[in-house]
Each structure stands twice: as structure tokens, then as C-alpha cells.
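Here is a short dialogue on how to read a protein model, feature by feature. Where should a reader start?

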Amino acid sequence: HKSDVRNLLFLPDGKSLVTLDEERCCLWALDSLALRHSFTAAEDAKDVAAPKFRGVTLDPQESHLFTLVSHAARTGSAGYVTVRKITDGGLTVVKSAKVASQPATALGGVRGGGVRGGAK
């Protein structure tokens, strides 16, 4: 990471850790500390100027990773929530949705029945 890590999330398999700074999200193998997968805020929000990660969480079934990205400075700007399926090979994007009208500044626990819908 190039900046301070904002979030740490241990995955339920007990073998993986997700770290998040403002610009990059990384999936690590705990046994070897090897980087298994990484992606940037800019990849999740291509039309957002100066995108920054705001949060990361798991769905109730602990099979999907949710990330929230929004503009670095604008408090009323839209952002994106991206859903990735957790697999042995890493993370696969399932869906991405634009969050509009309210400031996208935090991502809490996900409630309900998990992930629905198709590809982004």
C-alpha cells in the first residue's frame, strides 16, 4: 500500500486477509503473506474524478466482498458499490451499481439475503 491502511478484513476461510487504503484493495494469503489479488478505486469508478475507497464489508453468507468508492473531496457526489465473489482464485466482479443523490462516505454491514442480480 502507498498510503495508510484504513480497513482490515479477515475472511471466514481463516486463510485470507483483505486490506484497504484510499486507492487500493488487496487480498492476501495469510500463510505466505503473498498478494493474491488487488484492484484500485479507479477500476471500480471510472467516471469519478479522484476516486477513493470508503469501505469494505462481507455479505451475511461471507461469500461476497462489497467495496464503496466515491470522490475524494465532494461530500454530495455519487459513488459505486462493487460486489465481488470470493473464490479460491481470488475475487471476481459480480455487479457494480452507481450510488446517487446521497453522499457516499461509508459502507456498513450488508443485510438481507445476500447478492442478487446479474453481471454489471
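The turns below go from the overall layout to single residues.

Q: What kind of model is this, and how many helices and strands does the protein chain have?
A: The model is predicted. The protein chain has one helix and eight strands. Along the sequence they follow the pattern β-β-β-β-α-β-β-β-β.

Q: Which strands form the sheet that begins with S1, and in what order?
A: A sheet is read by its strand order and by the direction of pairing. Here the order is S1-S2-S3-S4 in an open sheet of four strands, and the pairing is antiparallel. Strand S1 (7–10) and strand S4 (34–40) are at the edges; each has a single partner strand, so one side of each has no neighbour in the sheet. On average, neighbouring strands of this sheet are turned by 15° against each other, with direction ignored.

Q: How many bridges join S1 to S2?
A: Four bridges join S1 to strand S2 (residues 16–20), and the two run antiparallel. For the register, look at facing residues: leucine 9 stands opposite valine 18 in S2.

Q: What is the strand order of the sheet that contains S5?
A: The order is S5-S6-S7-S8, in an open sheet of four strands with antiparallel pairing. Strand S5 (51–58) and strand S8 (90–99) are the edge strands, each pairing on one side only. Neighbouring strands of this sheet are turned by 25° against each other on average, direction ignored.

Q: How many bridges join S6 to S7?
A: Strand S6 (residues 64–71) and strand S7 (residues 79–87) run antiparallel and are joined by seven bridges.

Q: Where is serine 70 found, and which residue stands opposite?
A: Serine 70 is found in strand S6, and glycine 79 in S7 stands opposite.

Q: Why does serine 70 count as buried?
A: The test is relative accessibility, with buried meaning under 20%. Serine 70 has 1% relative accessibility and therefore counts as buried.

Q: With which side chain does the side chain of serine 70 make a polar contact?
A: The partner is the side chain of arginine 54, at 2.9 Å.

Q: What share of the residues in the protein chain is buried?
A: Of the 120 residues in the protein chain, 39% are buried.

Q: How many residues does the largest nonpolar core have, and which have the most contacts inside it?
A: The largest nonpolar core has 17 residues, and those with the most contacts inside it are Leu9, Val18, Cys25, Phe53, Val56 and Leu65. At least two residues of this core come from each of S2, strand S3 (24–29), S5 and S6. S5 gives the most, with three residues. A second, separate core has five residues, including Phe66, Leu68, Val83 and Val94.

Q: Which residues are in contact with leucine 65, leaving aside its neighbours within four places in sequence?
A: A contact list shows which parts of the chain meet at one residue. With those neighbours left aside, the contacts of leucine 65 include Leu9, Val18, Cys25, Val56, Ile86 and Leu91.

Q: What share of contacts in the protein chain joins residues 24 or more positions apart?
A: Among contacts with a separation of 6 or more, residues 24 or more positions apart account for 37%.

Q: How many aromatic pairs are there?
A: A pair of aromatic rings is described by the distance of the centres and the angle of the planes. The count here is one aromatic pair. Phenylalanine 39 and phenylalanine 53 form this pair, 5.9 Å centre to centre with 75° between the planes, and it is edge-to-face. The pair links distant parts of the chain, with phenylalanine 39 in strand S4 and phenylalanine 53 in strand S5, 14 residues apart.

Q: Are phenylalanine 39 and phenylalanine 53 buried or exposed?
A: Phenylalanine 39 is buried, with a relative accessible area of 1%. Phenylalanine 53 is also buried, at 0%.

Q: What is phi of leucine 33, and where is this residue found?
A: Phi is read with its sign and the residue type. For leucine 33 phi is near 60°, a positive value in a residue other than glycine. Leucine 33 is found in the loop between S3 and S4, and at 62% relative accessibility leucine 33 counts as exposed.

Q: What is phi of glutamate 62, and where does this residue lie?
A: Phi of glutamate 62 is near 60°, a positive value in a residue other than glycine. Glutamate 62 lies in the loop between S5 and S6. With 42% relative accessibility, glutamate 62 counts as partly exposed.

Technical notes. Residues numbered from 1 in each chain as written. Predicted model: local features only at pLDDT ≥ 70, side-chain atom pairs only at ≥ 80, totals over all residues. Heavy atoms only, no water. Pairing = 2+ DSSP bridges. Axes fitted to C-alpha atoms, helices over the stretch in contact; angles between N-to-C directions. Buried < 20%, exposed > 50% of the residue type's maximum accessible area, 1.4 Å probe, protein only. Polar contact = N/O pair within 3.5 Å; in protein donor to acceptor, adjacent residues only side chain to side chain. Core = buried A, V, L, I, M, F, W, Y, C linked by side-chain atoms within 4.5 Å. Contact = heavy atoms within 4.5 Å. Phe/Tyr/Trp six-rings, centres within 6.5 Å; stacked < 30°, edge-to-face > 60°.
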